[in-house]
2 protein chains.
Amino acid sequence: MNLEEVARLAGVSRSTVSRVLNGSSGVSPATRAAVESAVASMRYLPNQAARSLAGTRTDTVAVVVSEVHDRVFDDAFLTGVLRGVTSGLDGRRAVVAVNPPSVSDVDGCLVVSMDGHDPLPRGLSVPVVLVGRPLSGGLAYVDSDNLGGGVLAGRHLVARGRARVGVLAGPPDVAACVDRVAGFRRALGGSPPAGVVPCALTPDSGAAALAGLLASTPDIDGVFCATDAIAIGAVRYLRSVGARVPEDVSVVGFDDSVAATVCTPALTTVRQSAEDLGNTAAWRLVAELTGEQDLPQSIVLATELVIRESS
Amino acid sequence: MNLEEVARLAGVSRSTVSRVLNGSSGVSPATRAAVESAVASMRYLPNQAARSLAGTRTDTVAVVVSEVHDRVFDDAFLTGVLRGVTSGLDGRRAVVAVNPPSVSDVDGCLVVSMDGHDPLPRGLSVPVVLVGRPLSGGLAYVDSDNLGGGVLAGRHLVARGRARVGVLAGPPDVAACVDRVAGFRRALGGSPPAGVVPCALTPDSGAAALAGLLASTPDIDGVFCATDAIAIGAVRYLRSVGARVPEDVSVVGFDDSVAATVCTPALTTVRQSAEDLGNTAAWRLVAELTGEQDLPQSIVLATELVIRESS
DNA sequence: TCGGGGGTTGGGAGCGCTCCCACGGCGGAG
DNA sequence: CTCCGCCGTGGGAGCGCTCCCAACCCCCGA
């Protein structure tokens, strides 16, 4: 079934059907109605390949997921982003590629990456929008307000009366962690953290980092962790050495992962919406593809403090 | 850059380049080498749209994800499947669609669905492989050995000396849960469970279901839960009423989710590999697309008992 | 020596669509 | 009343590829 057949049924030409399908102006209402009814009655679906060949678009965008090796709690983030992206793509198709060598035949590209080194698919000259701020490079991106979230966490610990707080900062090459810690520092103002220690994104690494921190600074009464995964390790370590959470030490995480709600004690954390992130990134990309002008280079989405038992 | 240009550089015709690119026989080694070097030096990539239009394939498969409303712990499963699928697709492109009204222009379709009602995208007449056994219907599928996993869980509780076990069975329309419970019953043999209660896939529902079960059967010493999410609710409820886990009551979950490792006590559970599931399903679909004969209608992957603190 | 067949290669015909140009008819201005 | 311009429409060209058939060459057997 092709354009020609639809045209015949509607009593018009191929061109006119094409015009109607593409919503271009210059078709009389009567003709438009006739075509639409023919399309509906035949359940006609345009051949996407032919469209791409003849036209200048493919109506397909790539979603490139660059995997980190020690991903642990990122699954919910990824599915959230993906869900948001597919719903924000406005009819375009999403080709998903994990660690792709190259991507071609797409109109645009969304890149979801944990680390700051943007691993752009090579040989690609289409608009790109990143999900998550890159550490460098002038690419458009959409990100959660990690800085603001860090501020929320900092104010919260201050409000709880915690005066000697440690920070488990995560990897220095993950922009989200860097921003969170920066926000946290800002909230503390004149009284800086008692110690800031980098670590990997795993509970074990968080536990080890906190052990190191406590060795040099035993009288800590609060810990801010760049991610929930790290926080879970921190809580585990604190309890293993007999410290009570939150009575002796308050712990705050970041992400509001499922794990944060089921661990004991349930984690106070900062919530971000992965789905909104994906949806917004898709919207931003589509806007660029449709030729919209004056688009913001970066978009930052609000975060929210969720107070539970650990603080 | 197109076939013609490559042909010119290689000093052959369009047809010959096409033959080389498609790996068809009947090309002399010398010619083949010349073409391959031309392709490499130009970094030529075939236009996918033109290929689809002229040929009979699109080299694209749809990955249809049908979302359930009360998904809670499924994110890791989904990303695992997706990861496996993309790596098993052997160069084909994966178009991901979440709850799509319709899908077209694909060679085949993978459907990831929690519930047993297979929500096939309509108007689709291509090979389909399901990830997870459907409750009905003769479609090809790949699934974890949920039955075998249930047996493992049952034997384990028997070995632990648990004689009065309850089962939180999950929804009756989720094939995976049905199978897990069936396997569990089989392992118990002549001494059936003290009670089997359906519930939703959330901790809260699990807690509520267990509360109901304990009301009628207070002397239970073991609980098998169809998923980890349910098990986490069960553990929470048991502790809330003062029962010790595992001293008083053993609890076994299913999925080996991240939450199972971070909750207290860490859950004994049955592990399945979502990535293998996706990879195998992709392989099965590709095999069918390439015309392979005598393919198995269903493929079942092994599961594994993981013993932790809750039993 | 000649004819037949197999192994290679080239070129034409489309796939179904979009884009562009040309054409016809109608209304308003001169 | 005539001319111009615009709106609505039709049809040709061509996107880059695959498929098919014809052409060619070379080697073999008769």
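**Two protein chains on two DNA strands**

The surface near DNA strand D is made of nine nonpolar, twelve polar and five charged residues. In this classification Ala, Val, Leu, Ile, Met, Phe, Trp, Tyr, Cys and Pro are nonpolar, Asp, Glu, Lys and Arg are charged, and the others, Gly among them, are polar. The model is a predicted one, in which local features need pLDDT of at least 70 and side-chain atom pairs count only at pLDDT 80 or more, while totals for chains, interfaces and linings use all residues. Residues are numbered from 1 along each chain as its sequence is written, chains are lettered from A and ligands numbered from 1 in the order in which they are written, and side-chain values use heavy atoms, with hydrogens and water left out.

In total, 26 residues surround DNA strand D, and the closest are Arg14(A), Ser15(A), Thr31(A), Leu3(B) and Tyr44(B); a residue is near a strand if one of its heavy atoms lies within 4 Å of it. Of the atoms of DNA strand D that come within 4 Å of the protein, 58% belong to sugar and phosphate. Two residues of chain A reach bases of this strand through their side chains. An N or O atom in the side chain of Arg14(A) is 2.6 Å from a base oxygen of DNA strand D, and a polar side-chain atom of Ser15(A) lies 2.3 Å from a base oxygen of DNA strand D. Chain B, for its part, approaches the backbone of the strand: a backbone N or O atom of Asn47(B) lies 3.2 Å from a phosphate oxygen of DNA strand D. The elements α2 and α4 of chain A, together with α2 and α4 of chain B, each supply at least two residues of this surface; helices (H or I, at least four residues) and strands (E, at least two) are DSSP runs, numbered from the N terminus.

DNA strand C has 27 residues around it, of which Leu3(A), Tyr44(A), Arg14(B), Ser15(B) and Thr31(B) come nearest. Sugar or phosphate holds 56% of the atoms of DNA strand C within 4 Å of the protein, and the rest belong to bases. Several phosphate oxygens of DNA strand C have partners in chain B. A polar backbone atom of Ser13(B) is 2.8 Å from one such oxygen, a polar side-chain atom of Ser28(B) lies 3.1 Å from a phosphate oxygen, and a polar side-chain atom of Thr31(B) lies 2.3 Å from a phosphate oxygen. Here α2 (14–21) and α4 (48–54) of chain A, with α2 (14–21) and α4 of chain B, each supply at least two residues of the surface. By class, that surface has ten nonpolar, twelve polar and five charged residues.

The protein chains also touch one another. Their contact (heavy atoms within 4.5 Å) takes 35 residues from chain B and 35 residues from chain A. About 2,900 Å² is buried between chain B and chain A, with carbon and sulfur atoms giving 60% of that area; buried area is the accessible area (1.4 Å probe) that two parts lose on being put together, summed over both. In chain B, Arg83(B), Arg93(B) and Val262(B) lose the most area to chain A, together 20% of what that side buries.

Two salt bridges are found across this interface, each a side-chain nitrogen of Lys or Arg within 4 Å of a carboxyl oxygen of Asp or Glu. In one of them, Arg83(A) pairs with Asp75(B), the closest N and O atoms being 3.6 Å apart. Eight residue pairs, both members at pLDDT 80 or more, are in polar contact across the interface. A polar contact is a pair of N or O atoms within 3.5 Å; within protein, one must be able to donate a hydrogen and the other to accept it, and residues adjacent in sequence count only if both atoms are side-chain atoms. On the side of chain B that touches chain A, α4 (48–54), α5 (75–88), β2 (93–98), α9 (228–240) and α10 (258–262) each supply at least two residues. The largest share, seven residues, comes from α5(B). The residues of this side of chain B divide into 20 nonpolar, eight polar and seven charged.

How are the two chains related? Chain B superposes on chain A by a rotation of 180 degrees with 0.0 Å of shift along its axis, at an RMSD of 0.1 Å. The two copies are thus related as by a two-fold rotation axis. The superposition is by least squares on the C-alpha atoms of residues with pLDDT of at least 70 in both. Of the interface residues of chain B, 100% are also interface residues in chain A, so the copies meet through the same surface.

Some backbone features remain. Most residues other than glycine have a negative phi, and most peptide bonds are trans. In chain A, the peptide bond from Thr264(A) to Pro265(A) is cis, with omega near -10 degrees, and Pro265(A) is found in the loop between α10 (258–262) and β10 (269–271). In chain B, the peptide bond from Thr264(B) to Pro265(B) is cis, with omega near -10 degrees, and Pro265(B) is found in the loop between α10 and β10 (269–271). Asp105(A), although not a glycine, has a positive phi of about 60 degrees; Asp105(A) is found in the loop between β2 (93–98) and β3 (108–113) of chain A.
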